[in-house]
Amino acid sequence: MSKLVSPEELLRQTEYMKKCEDILKKTFVNRQPICYVHSYGCQGNVADGEKIKGMLAEMGYGLSNSAEGADVVIFNTCAIRENAQDRVYGNLGMLIHYKKKNPAMIIGLCGCMVQQDHVARRLKEVFPGVNLVFGTHVIHQLPEFMYNILSNSSKIYNITESNGVIAEGLPIVRESNFKASVPISYGCNNFCTYCIVPYVKGRERSRSFDSIYSEVKELVSNGYKEIMLLGQNVNSYGSDLDSGVNFSYLLSKINEIDADFRIRFMTSHPKDATKELIDTIARCDKVCKHLHLPVQCGSNKILKAMNRKYTVSQYLKIIDYAKNKIPNISFTSDIIVGFPGETYSDFKETLKLVEQVKYSSLFMFIFSPRRGTKAELMSDSIPKEEKSRWLSELINCQNEISAKVHESYVGRTERVLFDGVGRTNDNMLTGRTDTNLVVDCEKFNLKIGEFADIKITKAHRMALVGELV
Ligand code: SAH
Ligand code: SF4
Ligand code: F3S
């Protein structure tokens with residue numbers, strides 16, 4: 001059962017924001033202090049970063065797009081794979097360099113990586129230039145931490161765990177004014193044997209239906225066109241609430257909100273992906289016809305060792321059900337290559353599954369042992385080079401499938417939400433179909449943040465090209 005951070009505690013933090021503002025006004029007489037917040041990792045982390053920005057903005061900081069010259073820099077870190085952590089250490093080196101030029105710079109690290117004891121310890125011992133380290137359970141206490149730093153130059157290391165708190169109503173500065181992420185649950189209970197998330201984010205806790213619903217309602221009334229509902233396993237949403245709501249109910253109710261917008265969600269755990277969920281996606285016109293359903297592997301032996309709690313045939317059953325119910329649906333997935341004990345013949349089963357499902361795209365990773373997880377201790381005899389070869393084989397296989405999926409769109413008319421300028425050409429805009437495929441299109445009078453009906457004229461491997469109907 002989730003516990004809300006009490007109104008008294010939130011008020012206390014609001015008061016700290018005011019106190020910080022007072023100090024900053026006295027310190028920065030001729031200019032506004034600026035901060036830079038960078039979130040690594042998943043969209044849930046980016047959503048936390050938006051709240052960190054919200055609190056800093058409330059204290060009076062302006063937001064910068066670069067760490068150089070900022071008065072406060074916060075890295076909201078990720079621990080999912082070793083290379084995610086390496087990136088943070090690399091960029092931290094750069095910050096320390098900036099700090100030599102500006103010793104008053106406040107450096108803060110938060111998020112999943114620092115929630116690990118050994119990382120927090122290393123930061124304390126090896127990086128004395130870091131002023132603030134705070135974990136995933138105490139984000140709402142940032143104002144208090146900042147106050148202590150600003151008022152008496154304290155150093156803060158706080159990675160206290162809670163048994164699951166949710167802070168509602170924190171200020172927020174969103175990355176976009178037409179696409180919004182809305183967390184529906186935090187943490188995870190699944191303990192897949194390779195995964196660090198349950199250790200660093202704590203147990204799964206769902207936000208109340210009312211908080212989510214009113215947040216979405218407000219967003220769409222402010223013109224937001226795409227709402228991304230976020231959780232490590234959205235399909236188990238509500239199982240810890242007394243109200244009896246589940247994810248399908250939440251989708252249905254949000255779908256009833258009277259406005260022109262899209263609903264996306266991630267991530268669906270296959271063990272909890274039910275026919276009810278597929279029926280709901282089929283029935284709800286605003287829910288995008290795209291399912292990110294990470295399979296991780298195509299071998300039952302490895303799925304068991306991963307503690308995924310489904311078999312290949314159960315996975316394919318739900319995929320087939322969805323294909324029959326929603327003919328144009330697209331699927332994406334995550335795959336881990338080279339899990340301990342995986343043989344080439346296990347890997348071949350992954351290739352077979354990938355060919356069978358025909359994903360529009362895949363996120364593929366080489367297994368990275370995480371400290372404290374069960375898989376860290378499993379014996380792993382396949383050399384790195386061999387795993388890399390398997391990964392290349394998988395990438396090649398998926399490239400062909402992606403190309404075919406994209407080709408099948410040529411001639412179709414798709415409703416596209418444009419979200420950026422072309423990656424290679426300023427005269428182009430790029431957007432996404434309901435099924436989450438990328439579409440490039442000449443600008444004409446198209447606008448970022450708006451929908452348009454686009455006729456698909458050409459397909460590349462990773463993107464479609466189209467023209468305004
Ligand atoms: N909750 C989501 C996944 C979140 S992490 C789910 O269950 O599907 C995103 C992806 O990172 C995972 O799906 C997995 O493919 C990958 N991943 C997680 N831990 C990993 C590890 N130790 N090594 C390599 N990839 C990993
Ligand atoms: Fe990690 Fe598994 Fe939870 Fe996903 S479901 S966050 S992979 S433990
Ligand atoms: Fe990374 Fe934490 Fe997300 S480990 S993927 S930022 S939940």
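The following dialogue reads the ligand shells, salt bridges and cysteines of a predicted model.

Me: Which residues lie closest to ligand 1, and how many surround it?
Reply: In general, one begins with the shell and then turns to individual polar contacts. Here 15 residues surround ligand 1, and the closest are Tyr 194, Gln 232, Gln 296, Asp 334 and Ser 368.

Me: What are the distances from side chains to the oxygen and nitrogen atoms of ligand 1?
Reply: An N or O atom in the side chain of Asp 334 is 2.6 Å from an oxygen atom of ligand 1. For Arg 81, the separation between a side-chain N or O atom and a ligand oxygen is 3.0 Å. Gln 232 places a polar side-chain atom 2.8 Å from a nitrogen atom of ligand 1.

Me: Which residues surround ligand 2, and how does its shell divide by residue class?
Reply: The shell of ligand 2 consists of Cys 188, Asn 190, Phe 191, Cys 192, Tyr 194, Cys 195, Val 197, Pro 198, Gln 232, His 269 and Arg 308. By class, seven of these residues are nonpolar, three are polar and one is charged; cysteine is counted as nonpolar in this scheme.

Me: Where does ligand 3 lie with respect to domain 1 and domain 2?
Reply: The approach is to ask which domains contribute to the shell. Both domain 1 (7-158) and domain 2 (176-288) supply residues to the shell around ligand 3, so ligand 3 lies between them. The surrounding residues are Cys 42, Asn 45, Cys 78, Ala 79, Ile 80, Cys 112, Val 197, Lys 201 and Gln 232. They divide into six nonpolar, two polar and one charged. One of the shell residues, Cys 78, is buried at 10% relative accessibility.

Me: How many salt bridges does the structure hold, and which parts does the pair of Asp 419 and Lys 179 tie together?
Reply: The total is 23 salt bridges. To read one of them, consider the distance, then the elements joined, then the accessibility of each partner. Asp 419 pairs with Lys 179, with 3.0 Å between the closest N and O atoms. Asp 419 belongs to strand β17 (residues 413-421) and Lys 179 to strand β9 (residues 179-183), so this pair ties together parts 240 residues apart in sequence. Asp 419 is partly exposed at 27% relative accessibility, and Lys 179 is partly exposed at 28%.

Me: Are the partners Lys 387 and Asp 380 buried or partly exposed?
Reply: Each partner has to be read separately. Lys 387 is buried, with a relative accessible area of 5%, whereas Asp 380 is partly exposed at 35%. Their side chains meet in a salt bridge at 2.8 Å, N to O.

Me: How do Arg 412 and Glu 414 read, and which residues do shared partners join into one network?
Reply: The side chains of Arg 412 and Glu 414 form a salt bridge at 3.3 Å, N to O. Arg 412 is partly exposed at 24% relative accessible area, while Glu 414 counts as buried at 11%. Elsewhere, salt bridges with shared partners join Glu 50, Glu 168, Arg 174, Arg 207 and Glu 215 into one network.

Me: How many disulfides are found, and why is Cys 397 not bonded to Cys 297?
Reply: The test is the distance between cysteine sulfur atoms, with a cut-off of 2.5 Å. A search of the whole structure finds zero disulfides. The sulfur closest to that of Cys 397 is in Cys 297, and because the two are 14 Å apart, they are too far for a bond. Cys 397 is itself buried, with a relative accessible area of 12%.

Technical notes:
Residues numbered from 1 in each chain as written. Chains lettered and ligands numbered in written order. Predicted model: local features only at pLDDT ≥ 70, side-chain atom pairs only at ≥ 80, totals over all residues. Heavy atoms only, no water. Near = heavy atom within 4 Å. Domains from an automatic or database assignment. Salt bridge = Lys/Arg side-chain N within 4 Å of Asp/Glu carboxyl O. Helix = DSSP H or I, 4+ residues; strand = E, 2+ residues; numbered from the N terminus. Buried < 20%, exposed > 50% of the residue type's maximum accessible area, 1.4 Å probe, protein only. Polar contact = N/O pair within 3.5 Å; in protein donor to acceptor, adjacent residues only side chain to side chain.
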